[in-house]
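Reader: Please pick one part of this model and look at it closely. Then work outward from there and tell me what surrounds it.

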Amino acid sequence: VDDTPLVLGSATHKYAELMQLGEQSKVAKEKAFAEVPKTIKNKVKLKSMSRSIDTFHTRMEAFKRNNKVILDKSELRLAVLPSMEGCDFWNNNSILRGVLDRVMIVEKSGRKHAIAIDIKTGKCKSVESYSIQLESYGILLHSRFDISSVQAAIYFTTSEELTWYPKKILPTDIHKDNPVVKYINQVSSKLEGGFAPEKGRHCSWCNFKNLCEKENIKSFWVP
């Protein structure tokens, strides 16, 4: 199984995190890319990805200079309980966990607003296709911070485009009919009868792909 896309993606996210923490570009690259196999193809991809992250970093720094940013975090880990209250990331009672690539909280006119940006290293897709993920950021951030709104976005490293989710997520959006809550309930109902993995993009790099396919075939044919 070729897990190169996963390795490259993880390295790129690490580079973005180190840049946000104030590391010099050269040092950040050495740390982030140390575990990536040194093939010519990987070197070309890392060069392109790191250039895209440099562009992203420049844009974020410019935004911070022009706005009152009171919080700036990368790889922020958050979790919530069924009551929609925040909890420790590894709390066994949590129903939703998320690691947010970049979060900024901006204060404007006495009110605080969160910006949550997810970094994608794969092919560009419509921002709407990530609606469940981006809506979940609203739940996670509202559970932790006293904020008026959450504006989510996707940054595509392949095109260097920052695409905003079309709606702001407000505190009034956090209720039982929220699409994320409905999705969680839907998944929970499936798990009640045992776990049945669904095929998706993750299958291309999963180490258990072959075993999973064999088990699915077996369970399909055996009464």
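**Around T121**

Author: T121 has a relative accessible area of 18%, so this residue is buried. The model is a predicted one. T121 sits in the loop that runs from strand 4 (111–120) to helix 4 (131–144). What does T121 touch, leaving aside its neighbours within four places in sequence? The list is G9, T12, H13, M49, T157 and T158.

Two of those names lead into a helix pair. T12 belongs to helix 1 and M49 to helix 3, and both take part in the meeting of these helices. On the helix 1 side, T12 is joined by T4, L8, Y15, A16, M19 and Q20. Helix 3 brings N42, K45, L46, M49, S50, I53, D54 and H57. By class, the residues of this contact are seven nonpolar, six polar and two charged.

Now the geometry. Two packed helices are described by an angle and a distance, both taken between their axes. For helix 1 and helix 3, the angle is about 35 degrees and the axes are 10 Å apart. The crossing is right-handed.

Helix 1 has a second partner. Its axis and that of helix 2 come within 9 Å, and they cross at roughly 145 degrees. This crossing is right-handed. From helix 1 come A11, K14, Y15, L18 and M19, while helix 2 supplies S25, A28, K29, K31 and A32. These residues divide into six nonpolar, one polar and three charged.

Which residue of helix 3 (residues 40–66) deserves a closer look here? Take D54, which lies in that helix. Not counting residues up to four places away in sequence, D54 touches Y15, M19, S25 and K29. Y15 and M19 are helix 1 residues that meet helix 2, and S25 and K29 are on the helix 2 side of that contact. D54 itself is in the contact of helix 1 with helix 3. The side chains of D54 and Y15 are joined by a polar contact of 2.6 Å. Is D54 buried, partly exposed or exposed? Its relative accessibility is 25%, so D54 counts as partly exposed.

D54 also has a distant partner in sequence. E160 is 106 residues away along the chain, yet the two C-alpha atoms are 10.0 Å apart. E160 is in the loop between strand 5 (149–156) and strand 6. At 30% relative accessibility, E160 is partly exposed. Its backbone is worth a check. Most residues other than glycine have a negative phi. E160 is not glycine, but its phi is positive, near 60 degrees. M84 is another non-glycine residue with a positive phi, here about 70 degrees. M84 lies in the loop between strand 1 (69–80) and strand 2 (86–87).

Back to helix 1, which also holds E17. E17 has 19% relative accessibility, so this residue counts as buried. Not counting residues up to four places away in sequence, E17 touches S74 and E75. From E17 to K73 the C-alpha separation is 8.6 Å, across 56 residues of sequence.

One more loop residue deserves a mention. N178 lies between strand 6 (161–164) and helix 5 (179–191). With 2% relative accessibility, N178 counts as buried. Its contacts, leaving aside neighbours within four places in sequence, are E135, I139 and D173.

What of the cysteines? C87 is buried, with a relative accessible area of 10%. C124 is partly exposed, at 40% relative accessibility. How many disulfides does a search of the whole structure find? Zero.

Last, the frame around all this. The protein chain has six helices and six strands. Along the sequence they follow the pattern α-α-α-β-β-β-β-α-β-β-α-α. Of the chain's 223 residues, 37% are buried. Consider contacts between residues at least 6 apart in sequence: 62% of them join residues at least 24 apart.

Notes:
Residues numbered from 1 in each chain as written. Predicted model: local features only at pLDDT ≥ 70, side-chain atom pairs only at ≥ 80, totals over all residues. Heavy atoms only, no water. Helix = DSSP H or I, 4+ residues; strand = E, 2+ residues; numbered from the N terminus. Buried < 20%, exposed > 50% of the residue type's maximum accessible area, 1.4 Å probe, protein only. Contact = heavy atoms within 4.5 Å. Axes fitted to C-alpha atoms, helices over the stretch in contact; angles between N-to-C directions. Left-handed = near helix turned anticlockwise from the far one by under 90°. Nonpolar A, V, L, I, M, F, W, Y, C, P; charged D, E, K, R; others polar. Polar contact = N/O pair within 3.5 Å; in protein donor to acceptor, adjacent residues only side chain to side chain. Disulfide = S-S within 2.5 Å.
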